[in-house]
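Here is a short set of exercises to work through with the model open beside you. Try each task before reading its solution.

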Amino acid sequence: MEKPTAESILPSGEALELPEASAPRWVRRLRRDRLLPFKLLALALIILAAVVGPWISPYGETTQNLPLGNSPPSANHWFGNDELGRDLLTRVLYGGRISLAVGFVGAFVSIVIGVTVGGIAGMSGGRVEACIMRFIDFLYGVPLLLVVIGLMVMFGSGLTNIFIALGLVYWLQMARVVRSRVAELRSREFVDAARALGAGRVRIFLRHVLPNTTGVIVVTETFMVPQAIFAEAFLSFLGLGVLQPHASWGTLASEGLEMLETAPHILTFPALAICLTMFVFQALGESLRTALDPRSGELD
């Protein structure tokens with residue numbers, strides 16, 4: 001007996017629609033975010049401008065042209081010139097390299113230290129966990145920005161010292177998030193099964209627990225990058241950032257504040273760069289949190 005086919009069952013002219021393969025829940029949530037492509041495009045353009053922009057600029061970062069000092073934006077200098085006649089667009093692009101580098105390096109250090117400390121606390125439990133978390137709570141009681149300023153005063157200004165200062169304090173939030181997630185996962189059945197098979201704590205953490213904390217780590221990092229950028233901008237604004245003649249967005253904003261009445265464009269463009277970058281990272285972080293955190297957003 002001949003088996004029925006789709007053509008013999010469906011009415012003439014109708015096509016058979018097969019169900020799509022079931023995608024992970026976080027993928028379906030990302031697909032529903034219609035603004036996500038624009039957020040990713042904006043972030044890519046910011047990074048591309050900071051990396052490639054200085055190479056194609058016809059002006060140097062420190063090239064001075066005193067007759068053009070404090071000139072407003074023009075066809076040749078889209079962002080105008082600073083007090084020494086240096087092209088402001090070029091300096092903003094160079095400053096973007098430094099500010100983004102601080103953000104990404106600070107985030108990387110927070111992953112290394114925060115995930116390690118949070119993982120140890122979460123997997124150990126008992127007194128070890130209590131001691132680690134009380135120490136973190138104590139550090140949280142001190143304003144982190146004041147700690148960073150104190151470290152910068154001790155170490156001195158400079159990009160390397162900014163990396164060190166931010167790395168020493170900006171892992172606390174990551175450690176608390178990872179510890180909370182690991183403490184939740186260590187009582188799951190798959191962890192008990194791995195322990196029953198003789199796996200040690202390190203193996204259980206690396207093979208079974210850590211992959212299940214990727215979501216919260218990615219979301220937390222997305223929010224920490226703009227925090228580090230803002231911290232660097234604030235330090236540079238106070239004169240504790242990168243050294244002249246190089247400049248970050250915070251340094252440029254500090255210089256622009258002094259010329260606010262006579263040349264407001266010197267402050268406007270670096271400030272807009274800081275605000276735009278922080279907004280893009282925050283918006284992207286909200287999208288990732290909604291997609292990766294089952295406790296936020298719609299459950300489907």
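**Exercise 1. Describe how helix H6 (residues 144-155) packs on helix H11 (residues 214-237) in this predicted model.**

Solution.
- Step 1: begin with the geometry. The two axes are 11 Å apart, and the packing angle is about 50 degrees.
- Step 2: classify the angle. An angle counts as roughly parallel under 35 degrees and as roughly perpendicular from 65 to 115; H6 is therefore oblique to H11.
- Step 3: add the handedness. H6 and H11 cross in a right-handed sense.
- Step 4: list the residues that make the contact. H6 supplies Leu145, Val148, Ile149 and Met152, while Ala231, Phe234 and Leu235 come from H11.
- Step 5: sort them by class. The contact of H6 with H11 has seven nonpolar residues, with no polar and no charged ones.

**Exercise 2. Work out the arrangement of helix H3 (36-56) and helix H13 (residues 265-292).**

Solution.
- Step 1: take the distance and angle. H3 and H13 have axes 10 Å apart and pack at about 140 degrees.
- Step 2: compare with the cut-off. Roughly antiparallel requires an angle over 145 degrees, so H3 and H13 are classed as oblique to each other.
- Step 3: note the hand. The crossing of H3 past H13 is left-handed.
- Step 4: name the partners. On the H3 side they are Leu36, Lys39, Leu40, Ala42, Leu43 and Ile46; on the H13 side they are Leu276, Thr277, Val280, Phe281, Ala283, Leu284 and Ser287.
- Step 5: count by class. The contact between H3 and H13 has ten nonpolar, two polar and one charged residues.

**Exercise 3. Which orientation do H4 and H10 have relative to each other, and which residues meet?**

Solution.
- Step 1: locate the helices. H4 spans residues 88-124 and H10 spans residues 201-209.
- Step 2: read off the geometry. Their axes come within 11 Å and cross at roughly 115 degrees.
- Step 3: assign the class. The range from 65 to 115 degrees counts as roughly perpendicular, and H4 and H10 are therefore placed in that class. Their crossing is right-handed.
- Step 4: find the contact. Val115, Gly119, Met123 and Ser124 of H4 meet Arg201, Ile204, Phe205 and Val209 of H10. By class, this contact of H4 with H10 has five nonpolar, two polar and one charged residues.
- Step 5: check a long-range pair. Leu206 belongs to helix H10, and its C-alpha lies 9.6 Å from that of Gly119, although 87 residues separate Leu206 and Gly119 in sequence. With a relative accessible area of 49%, Leu206 is partly exposed.

**Exercise 4. Are these loop residues buried or partly exposed: Arg86, Ala199 and Asn70?**

Solution.
- Step 1: set the cut-off. Buried means under 20% relative accessible area.
- Step 2: apply the cut-off to Arg86. This residue sits in the loop between H3 and H4, and its 7% relative accessibility makes Arg86 buried. Apart from neighbours within four places in sequence, its contacts are Glu61, Thr62, Thr63, Gln64, Gly80, Asn81, Arg91, Gln244, Pro245 and Glu255.
- Step 3: move to Ala199. The loop holding Ala199 runs between helix H9 (189-196) and H10. Its relative accessible area is 18%, so Ala199 is buried. Ala199 touches Ala194 and Ile204, leaving out residues up to four places away in sequence.
- Step 4: finish with Asn70. Asn70 is found in the loop between H3 and H4, and at 23% relative accessible area it is partly exposed. Its phi is near 60 degrees, a positive value in a residue other than glycine.

**Exercise 5. Put the helices into the context of the whole protein: how many helices and strands are there, and what share of residues is buried?**

Solution.
- Step 1: count the elements. There are 13 helices and zero strands in the protein.
- Step 2: look at burial. Of the 300 residues, 41% are buried.
- Step 3: consider contact range. Among contacts with a separation of 6 or more, 71% come from residues 24 or more positions apart.
- Step 4: turn to the surface. About 16,800 Å² is exposed, and carbon and sulfur atoms supply 66% of it.

Notes:
Residues are numbered from 1 along each chain as its sequence is written. This is a predicted model: local features need pLDDT of at least 70, side-chain atom pairs count only at pLDDT 80 or more; totals for chains, interfaces and linings use all residues. Side-chain values use heavy atoms; hydrogens and water are left out. Axes are lines fitted to C-alpha atoms, for helices over the stretch in contact, and angles run from 0 to 180 degrees between N-to-C directions. Helices (H or I, at least four residues) and strands (E, at least two) are DSSP runs, numbered from the N terminus. A crossing is left-handed if the near helix is turned anticlockwise from the far one by less than a right angle, and right-handed if clockwise. Contact means heavy atoms within 4.5 Å. Ala, Val, Leu, Ile, Met, Phe, Trp, Tyr, Cys and Pro count as nonpolar, Asp, Glu, Lys and Arg as charged, and the others, Gly among them, as polar. Buried means under 20% relative accessible area, exposed over 50%, partly exposed in between (1.4 Å probe, protein chains only). Accessible areas come from the Shrake-Rupley method with a 1.4 Å probe; for residues, only the protein chains shown count as cover.
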